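Let's take a friendly walk through this model, one feature at a time. Please keep the sequence and the 3D view at hand.

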Amino acid sequence: MAKYFLKRIGTACVIVLVVIALNFVIVRMAPGDPVTIMAGFDNPSEEFKAAITAKYGLDQPLPVQFFTYFARLLQGDLGESYYYNSTVRSLIGERFGASLLLSGTSALLAFALGTILGLIAGQKAGGISDRVFSTGAYICNSMPSFWLGMMLTLVFASRLGWLPTQGMYNMRMTQEGLARWLDVGKHMVLPVTTLTLIQIPSYFRITRSSVTQVLSDDYITTFRITGMSEGKIFRKYVLKNAILPVVTVFGINLAYVVAGSTLVETVFSWPGIGIMMYTAISNRDYNVLMGVYLIIAVSVAFFMILIDLVCAKLDPRIRYE
Amino acid sequence: MKRKVFSILFAAVMAVSLAACGGDGGSGNADTADGGAQPGQEAGNASGDSAGGEEQVLIVSINGDPTSFNPDAVTDDNAGTVADNLYSGLLALNNNEEIIPDLAESWEISEDGLTYTFHLRPGVKWHDGEAFTSEDVKFTYEMIIENEGYLAKDLSIVSSMECPDENTIVITLKEASAPFLASLAWYSNSILPKHLYEGVEDWTTCEAATTNPIGTGPFKYVESKSGVSITLERNWDYFGGQPILDKVIYVVSTDADTTYQAFLNGEIDYITDVPAANVSTLEADSAYKIGCLSAARRYQMCFNMNGTYTKDLAVRQAIAKAIDRQEISAKGTNGLQAPAYGFYPPFLDWAYNDQADIGSKDTAMAVQLLEDAGYTKDADGYYMHLTLEVFSGGTYADCGKVIKSQLDAVGIDVTIEELEEGAWVEKVFSGNYDLCILAGMQGPDPDNMTNRIGTGGGLNVSFYSNAEVDDLLAQARVTSDQEERGAMYKQIQQILSEDLPLVPLVEYAGYYACPSNITGLPYIDTSVDELAPGNFGRVSLNLD
């Protein structure tokens with residue numbers, strides 16, 4: 001078991017290295033370059049361009065740039081943003097909390113709600129709650145997140161005036177302490193609802209279909225024949241078997257929590273990583289992009305291993321040798 | 001079982017709605033429940049709950065974090081906007097792109113156009129209480145030159161700078177340059193404090209450029225939160241008179257439509273990017289005031305002078321004849337952007353030639369021009385197939401569609417390629433295109449043409465080169481008499497109307513809005529023309 005996971009960690013490291021190299025090449029293959037963008041559009045100065053090109057070492061050959069980047073990375077240095085006069089690490093640090101709060105909360109909520117609804121619907125496939133929830137899931141699944149966000153804003157912020165339109169804080173508020181936190185909570189409601197609603201269908205559908213499938217298995221029928229109570233069958237056997245694929249999906253989703261959600265963050269002006277990534281793309285801020293991608297890669301690698309561990313725990317059939 | 005699940009669900013719903021209602025009275029969102037947004041009043045409520053005073057706070061949207069608080073080191077509109085309140089220049093441009101005094105209250109130019117003497121306002125203080133002197137101006141310009149700041153190109157003609165006393169700076173140029181004053185007034189031109197920048201290793205990462213910016217502007221820096229806001233407070237000692245507002249808060253608001261909703265809901269007081277679709281709604285609503293920036297900017301269609309077809313004058317003439325600017329304005333911009341006439345924006349009377357134009361649409365003539373030049377229609381019925389590169393966002397693509405249909409009518413097929421700025425620049429600047437729509441500031445001085453149509457100019461996307469034009473541009477740059485200069489620029493516009501490296505389309509229009517109780521925003525109350533447009537020194541919320 002330990003040997004297996006050491007091997008997995010080794011593979012993960014190799015994959016992250018490959019990702020670093022790929023990111024390095026791909027972001028530079030995109031048309032447009034950071035210097036032209038930074039020099040401005042109306043009246044670019046060649047001297048200014050030369051100065052920033054030299055400052056960030058963009059005049060070096062690509063392999064040299066790569067090894068410089070990689071050497072700094074080994075020391076834990078993600079480099080500097082070309083655009084913001086700040087290190088990538090501090091930029092990501094400033095935004096990380098907000099993304100985690102938003103995406104993390106909605107990932108948990110979607111997992112909890114989607115699974116619960118799936119369990120209910122799966123118990124009686126074709127029943128009334130199944131039909132209602134399945135229709136709901138179809139609707140949620142077919143709505144683009146930015147559109148749903150905008151609609152929720154129009155209804156709950158503009159029309160009803162219950163909730164703030166955007167941002168994370170009420171700028172006019174002067175109180176500190178608890179009031180601040182409640183204010184953040186209030187600002188979270190719409191973006192969290194948006195993200196939760198669009199994530200629920202995947203959990204719902206997986207849970208529902210695995211519950212339905214397990215329920216039709218022979219051993220369940222056997223239990224029923226022996227007269228075991230439905231409640232016990234469900235808790236002891238159905239739930240345990242049906243939850244495995246859901247845990248896997250949850251793990252994959254958690255892996256991307258660190259990246260935030262670009263569309264929803266943009267619609268709600270939520271100060272997270274997603275917006276920063278979007279700005280970095282339009283500005284060709286290579287280091288910021290590579291920094292974010294690297295964190296995503298590490299996060300994915302980490303969560304994949306974690307999922308394996310959790311599944312081994314949940315499912316006695318799984319044995320790693 | 002089922003009941004348990006539902007009670008969990010119910011609890012979750014309750015928790016969410018509690019959080020929703022749990023805000024305090026000061027947040028004031030409930031005040032706007034019926035859509036009757038009254039931001040000013042809301043601000044009053046907020047302060048009423050806490051301090052009990054009539055605190056005046058103006059909340060302004062910006063679409064991204066400023067990249068630096070050293071506005072001379074970057075070309076970033078968000079940084080520039082905040083800089084208008086934090087810093088002052090020697091000179092500034094007002095809401096009509098005219099040169100106005102800022103830290104310099106007056107100036108003289110010697111007969112030969114080589115010596116500029118600026119008289120600075122006496123008694124100006126930096127935000128940290130230090131005295132501002134002519135040494136700061138000299139130091140700033142030297143620092144810009146040394147670090148290749150954006151203004152360095154314009155300052156490269158400076159041969160010496162002297163400070164005979166605290167309130168006077170004399171700048172001597174190597175050669176006369178008529179646009180010199182305008183360049184000092186335009187962009188990345190903030191005067192920075194010598195006592196904080198002297199001896200620093202990097203002018204973009206030092207404390208004064210990041211966490212503790214000190215300027216001479218109407219507002220002082222308080223704090224900034226990445227992706228959230230920048231807060232400024234009143235500078236009681238502002239040389240332009242005490243500002244009325246207690247605070248200015250810039251909030252980072254990334255989506256134009258949500259920003260607009262937040263504005264309607266009273267969370268933002270001043271928006272600088274009203275979505276075109278909402279302009280007429282706001283104009284009709286007496287609860288709001290709206291302002292428009294149009295001067296010195298326009299959309300124009302540039303031809304690739306090296307393009308397979310567009311290198312042929314006859315093709316360019318035919319296209320110019322096929323274009324109907326009124327229709328582009330009406331259908332492409334909803335009538336918000338007026339048709340553009342002539343080969344330079346008309347904001348400077350003395351430099352604008354209203355005789356040089358492409359004339360009105362004449363489809364028959366356009367076809368005739370193509371036929372005479374020997375073009376024949378292919379199997380699809382087209383003389384040629386061209387690409388048109390436009391920016392994504394704004395009204396570029398909509399204008400492009402109208403142009404496409406107009407050119408279709410004369411047998412020219414157009415494929416529109418919508419690209420975001422970085423990709424557009426790469427495609428167009430590499431010369432791999434036929435037609436493109438270009439926009440941007442063409443002032444503050446007509447010498448801007450050097451960059452746009454002069455041989456090798458940075459924005460000369462047409463790759464246009466005409467020795468006569470280059471000569472005139474060079475001459476006009478060193479001529480000090482405005483009338484004489486104007487004549488040269490008018491002649492250039494005449495030449496452009498014959499060579500047709502580009503055709504004018506529509507004027508630019510950027511819309512700004514605030515609730516009607518707010519006064520003194522230069523883009524909206526256009527009478528405030530003695531301050532830079534981003535300077536909120538005269539803004540008042542008029543609370544009652």
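Over the ring of which residue does the charged end of B:Arg234 sit? In this predicted model, the ring belongs to B:Trp236, and the charged end of B:Arg234 is 3.9 Å from its centre.

B:Arg234 is also a good way into the strands, since B:Phe219 stands opposite this arginine in β9(B). Strand β8 (residues 219-225) and strand β9 (residues 229-234) of chain B pair in the antiparallel sense, with six bridges. Together β8(B) and β9(B) make a hairpin that has three residues between them. In that turn, B:Gly227 shows a positive phi of about 75°.

Now let's turn to the aromatic rings. Over all chains, the whole structure holds 34 aromatic pairs. One of them joins B:Phe69 and B:Tyr221: their ring centres are 5.1 Å apart and their planes lie at 65°, so this pair is edge-to-face. B:Phe69 belongs to the loop between β1 (57-62) and α3 (77-86) of chain B, while B:Tyr221 is in strand β8, 152 residues apart. Both residues are buried.

B:Tyr299 and B:Tyr396 offer another arrangement: with centres 4.3 Å apart and planes at 15°, their rings are stacked. Because B:Tyr299 lies in strand β12 of chain B and B:Tyr396 in helix α14 of chain B, this pair ties together parts 97 residues apart in sequence. B:Tyr299 and B:Tyr396 are buried too.

Chain A has rings to explore as well. There, ring pairs link A:Phe24, A:Phe66, A:Phe67, A:Tyr69 and A:Phe70 into a cluster. Over the ring of A:Phe24 sits the charged end of A:Arg28, 3.7 Å from the ring's centre.

Conventions
Residues numbered from 1 in each chain as written. Chains lettered and ligands numbered in written order. Predicted model: local features only at pLDDT ≥ 70, side-chain atom pairs only at ≥ 80, totals over all residues. Heavy atoms only, no water. Pairing = 2+ DSSP bridges. Helix = DSSP H or I, 4+ residues; strand = E, 2+ residues; numbered from the N terminus. Phe/Tyr/Trp six-rings, centres within 6.5 Å; stacked < 30°, edge-to-face > 60°. Buried < 20%, exposed > 50% of the residue type's maximum accessible area, 1.4 Å probe, protein only. Lys NZ or Arg CZ within 6 Å of the ring centre and 35° of its normal.
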